[in-house]
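Work through the exercises below with the structure open beside you. Try each task before reading its solution.

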Amino acid sequence: MPLSAERIRVHGTVQGVGFRPTVWRFARECGIRGSVLNDGQGVLIHAWGEPPAISALAGRIEREPPPLSRVDAVIREVVDCSDPPADFRILGSADGDTDTNIAGDAATCPACLADICDPKNRRYRYPFTNCTHCGPRLSIVEAVPYDRANTSMAAFTMCPTCQSEYEDAADRRFHAQPNACPDCGPRVWLEGAEPARDDAALRGAGRLLRAGGILAVKGLGGFHLACDATRPEVVAELRRRKRRYGKALALMARDVETIRRYAKVSPVEAELLASPAAPIVVLEAGGVPLPEALAPGQDTLGFMLPYTPLHHLLIDEVDGPIVMTSGNASDEPQAIDNADARERLAGIADAFLMHDRDIVNRLDDSVAMIAGGEPRILRRARGYAPEPVNLPEGFEAADGILAMGGELKNTFCLVSRGRAIVSQHIGDMEDARAASDARRNLDLYRRLYDFEPRLVAVDRHPDYLPTQSGREAAEEILSVQHHHAHIASCLIEHGTPRDAGPVLGIALDGLGYGSDGTLWGGEFLLADYCEAERLGHFLPVVLPGGERAMREPWRNAWAHLDAAFGWPEAVRDYGELDSIRWLNGKPLGVLATMRDRGLNSPPASSAGRLFDAVAALLGLCRERIRHEAEAAMALEAMAARESLDRGDRGYPAELQREGVAVMSWRPLWEALLADLQNSVRPGIVAARFHAGLARAVADLGLELADRHGLRTIVLSGGVFQNRLLLEAVSERLESAGRRVLLPRRMPTNDGGLSLGQAAIAAARRPNPGGIVQ
């Protein structure tokens with residue numbers, strides 16, 4: 001058979017994941033001569049051989065790629081077959097236009113874990129062991145191609161043995177850019193009460209944890225604060241020093257079996273825990289009780305497994321689970337730099353477990369849960385970012401678009417050559433450090449992807465910092481409605497083509513700036529990528545005190561009862577209830593005056609504030625919340641402890657159907673307050689609220705879908721992080737024959753906004769210049 005030659009281009013996440021040695025092995029097995037190299041567009045293969053052999057090579061590349069890779073496209077081109085080489089070789093990286101993906105950081109693989117546990121292995125107990133199948137990626141990269149010289153490992157020259165592994169195509173450390181060993185790689189040391197280096201530092205850190213100390217640990221994407229999770233007084237002291245009084249603390253345990261001592265772990269949750277991304281997984285607590293202060297008011301615990309050799313070695317020094325929470329004071333971004341950690345964590349940590357490999361990119365731990373039987377990402381960072389999303393049919397030409405995301409749970413998104421690259425979770429832009437981190441990360445991503453925006457998409461809210469920053473980044477600006485972006489993000493994730501037609505989008509969240517200039521948050525939209533029409537919404541209720549109403553649930557309880565009955569009527573009919581008497585002790589006259597005069601009391605159709613109002617009447621966080629959604633989470637936890645009778649439909653809502661449908665709450669409040677008068681258990685009240693709201697939302701969704709001939713319904717927005725509500729609404733819609741789309745790989749909260757903004761911008765492509773409304 002005559003010899004043929006092809007140029008094979010592989011696009012996707014194909015650098016830093018062992019792709020070239022895999023191709024080299026396939027080529028040798030298929031009898032192919034030629035070469036493989038990395039360049040700015042991915043992996044390039046020149047192959048000489050018989051045509052069936054070349055086809056076999058291309059097929060194996062698509063079917064059997066390395067575990068951390070993702071093949072988006074294999075493009076074959078027949079070329080001149082003269083001058084074939086004598087063998088198949090791996091070549092060095094070539095420069096060129098950047099069009100490749102960067103892999104996310106990956107948890108320690110079984111082979112590397114075996115290395116650090118083997119006393120005969122030269123990497124025994126070495127905390128920076130890695131290979132092409134695991135270890136740091138985004139956290140250390142400064143430029144592409146992903147070569148050692150473009151990472152923070154450039155400071156460490158490989159010893160001859162490591163260099164030999166690096167150059168051996170048959171070795172799993174072939175071109176593993178962070179490859180290192182105790183002789184040439186990063187070092188770990190302990191600062192504090194018991195200074196030590198290397199293995200002695202790890203053992204000293206373990207002694208400190210066992211003694212009840214608080215340890216700052218420099219990890220993969222930032223510092224953590226660790227302590228013994230089984231001792232209430234130690235957990236309380238960590239909270240006091242960190243000034244984090246209500247938000248749940250993440251936990252780390254040696255293995256899944258250890259986690260099962262303290263929480264219920266299904267097979268799908270176990271698989272998620274042990275995945276290369278190794279996220280924190282929110283699990284139902286059960287078994288040996290842990291201190292209530294780990295997750296106040298919750299019946300869940302957030303567990304993760306060790307994901308670096310350092311973590312594995314540290315957890316082996318203690319008996320049970322440890323707290324592993326972000327290394328910061330409350331609401332700040334976690335520290336990543338040694339000097340910054342010493343300064344910011346000095347009053348929190350008793351000692352510091354440091355190392356000298358620089359963290360280039362701050363990466364928080366990702367957070368996930370199982371809802372509706374599937375994993376759902378709540379915070380997308382380490383292990384998942386910056387894996388791109390290939391835009392669906394109709395978006396192939398999308399390019400040069402930057403989307404700035406929202407004010408809370410900020411991410412940004414680059415659209416380049418038909419891909420959407422969503423950044424890791426950055427945080428809340430109200431914090432100056434987070435805002436600075438966003439700017440630094442955006443500069444880095446622009447370098448990594450050789451990206452220059454020609455169009456910037458921003459949230460409609462004029463006061464959001466990302467909106468203001470985005471207006472300075474390019475001449476062409478597209479202003480995107482908040483809830484439309486929530487729906488579009490989910491459509492992209494599910495591969496919905498650009499011209500697929502409209503869906504019904506149900507977006508429930510705290511609030512977002514509406515198309516009419518008011519605050520929205522309980523929305524039913526007729527939406528495609530280009531447009532969104534408001535078909536229905538929750539009744540707008542004032543937010544007395546504006547932002548203070550976001551933090552003080554009692555204000556929402558008063559506002560909702562006042563809107564439903566008028567406050568005098570509420571006091572007349574329900575004044576004997578403890579919650580009403582308690583509310584009457586507040587400065588309600590001032591709130592009423594503010595409402596009447598329109599002073600700092602904007603109306604909002606917020607779903608989140610409805611949850612706050614119910615929680616306050618049940619005595620949950622009624623004075624003040626300590627973190628976002630604390631009251632709603634406590635209400636969900638209370639409801640989850642109860643089981644309603646099969647015929648219990650929950651509390652009813654009221655619907656005005658003329659024009660835009662409006663869902664209001666007087667019947668709900670009448671039934672809820674009557675239950676309180678009848679001394680019904682608060683948990684039953686909470687469960688009936690959830691059941692009734694889910695029924696009302698689903699039924700209005702079905703009615704609007706029928707009216708407009710829609711089969712597909714999209715659920716999104718931060719309130720759908722509530723597992724009870726998400727599952728009840730989706731099950732009712734699906735039982736009626738509707739196709740229901742739910743966020744999975746992108747957060748349903750504002751962490752997914754940037755992808756939705758980018759999709760809308762890519763679909764609309766406004767004319768140059770000015771602000772497009």
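The exercises that follow use a predicted model, and each task comes with a worked solution.

**Exercise 1. A sheet of five strands**

Task: Find the order of the strands in the open sheet, and state which strands stand at the edges.

Solution.
Step 1. Write down the order: the 5 strands run E4-E1-E3-E2-E5 across an open sheet. The pairing in this sheet is mixed.
Step 2. Look for strands with a single partner. Strand E4 (70-78) and E5 each have a single partner strand and stand at the edges, so one side of each is left without a neighbour in the sheet.
Step 3. Add the twist, which averages 15° from one strand to the next.
Step 4. Place the helix. Helix H1 (residues 19-30) lies across strand E1 (4-13), E2, E3, E4 and E5. H1 runs at about 175° to E5.

**Exercise 2. The two neighbours of E2**

Task: For strand E2 (residues 33-39), decide in which sense E2 pairs with E3 and in which sense with E5, and name bridge partners.

Solution.
Step 1. Recall the general rule: strands of a sheet pair through backbone hydrogen bonds, either parallel or antiparallel.
Step 2. Take E3 (residues 42-49). E2 and E3 are antiparallel and share 7 bridges. One bridge sets Gly34 opposite Ala47 in E3.
Step 3. Check the connection between E2 and E3: the two strands form a hairpin, with 2 residues between them.
Step 4. Take E5 (residues 88-90). E2 and E5 run parallel and are joined by 3 bridges. In E5, Arg89 is the bridge partner of Ser35, and Ile90 stands opposite Val36.
Step 5. Ask how well E2 is covered. Of its 7 residues, 6 are buried, which leaves E2 mostly covered.
Step 6. Test one residue of the strand. Asp39 is found in E2. Its relative accessibility is 8%, and the cut-off for buried is under 20%, so Asp39 counts as buried.
Step 7. Compare sequence and space. Asp39 and Pro743 are 704 residues apart in sequence, and their C-alpha atoms are 33 Å apart.

**Exercise 3. A helix and its cover**

Task: Compare the span of helix H5 (residues 198-210) with the expected value, then list the buried residues of H5 and what covers them.

Solution.
Step 1. Count the residues and take the span: H5 has 13 residues and reaches 19 Å from its first C-alpha to its last.
Step 2. Compare. At 1.5 Å a residue, 18 Å is expected, and the span of H5 is close to that.
Step 3. List the buried residues of H5: Ala201, Leu202, Gly204, Ala205, Gly206, Leu208 and Leu209.
Step 4. Find the cover. The elements over these buried residues include strands E6 (188-192), E7 (196-197), E8 (215-218), E9 (223-228) and E15 (351-355), as well as helix H9 (309-315).
Step 5. Look past the end of the helix: just after H5, Gly212 has a positive phi of about 95°.

**Exercise 4. Two helix pairs**

Task: Describe how H19 packs on H22, and how H15 packs on H18.

Solution.
Step 1. For helix H19 (residues 607-617) and helix H22 (residues 682-708), the axes come within 11 Å and cross at roughly 155°.
Step 2. Classify the angle. Angles over 145 degrees count as roughly antiparallel, and H19 is therefore roughly antiparallel to H22.
Step 3. Give the hand and the contact residues. The crossing of H19 and H22 is right-handed. Leu610, Phe611 and Val614 of H19 make the contact with Phe689, His690 and Leu693 of H22.
Step 4. Turn to helix H15 (residues 553-565) and helix H18 (residues 588-597). Their axes are 11 Å apart, at an angle of about 65°. This crossing is right-handed.
Step 5. Name the contact residues: Trp554, Arg555, Trp558 and Asp562 on H15, and Leu588, Leu591, Ala592 and Arg595 on H18.

**Exercise 5. Buried or exposed?**

Task: Decide whether His483 and Val714 are buried or exposed, and name residues that each one touches.

Solution.
Step 1. His483 lies in helix H13 (residues 482-493). Its relative accessible area is 0%, so His483 is buried.
Step 2. Leaving out residues up to four places away in sequence, His483 touches several others, among them Asp509, Trp520 and Glu523.
Step 3. Val714 is in strand E31 (residues 712-716). At 0% relative accessibility, Val714 is buried too.
Step 4. With the same sequence neighbours left out, the residues Val714 touches include Ile487, Cys490, Val503 and Leu741.

Notes: Residues numbered from 1 in each chain as written. Predicted model: local features only at pLDDT ≥ 70, side-chain atom pairs only at ≥ 80, totals over all residues. Heavy atoms only, no water. Buried < 20%, exposed > 50% of the residue type's maximum accessible area, 1.4 Å probe, protein only. Helix = DSSP H or I, 4+ residues; strand = E, 2+ residues; numbered from the N terminus. Pairing = 2+ DSSP bridges. Expected span 1.5 Å × (residues − 1). Contact = heavy atoms within 4.5 Å. Axes fitted to C-alpha atoms, helices over the stretch in contact; angles between N-to-C directions. Parallel < 35°, antiparallel > 145°, perpendicular 65-115°, else oblique. Left-handed = near helix turned anticlockwise from the far one by under 90°.
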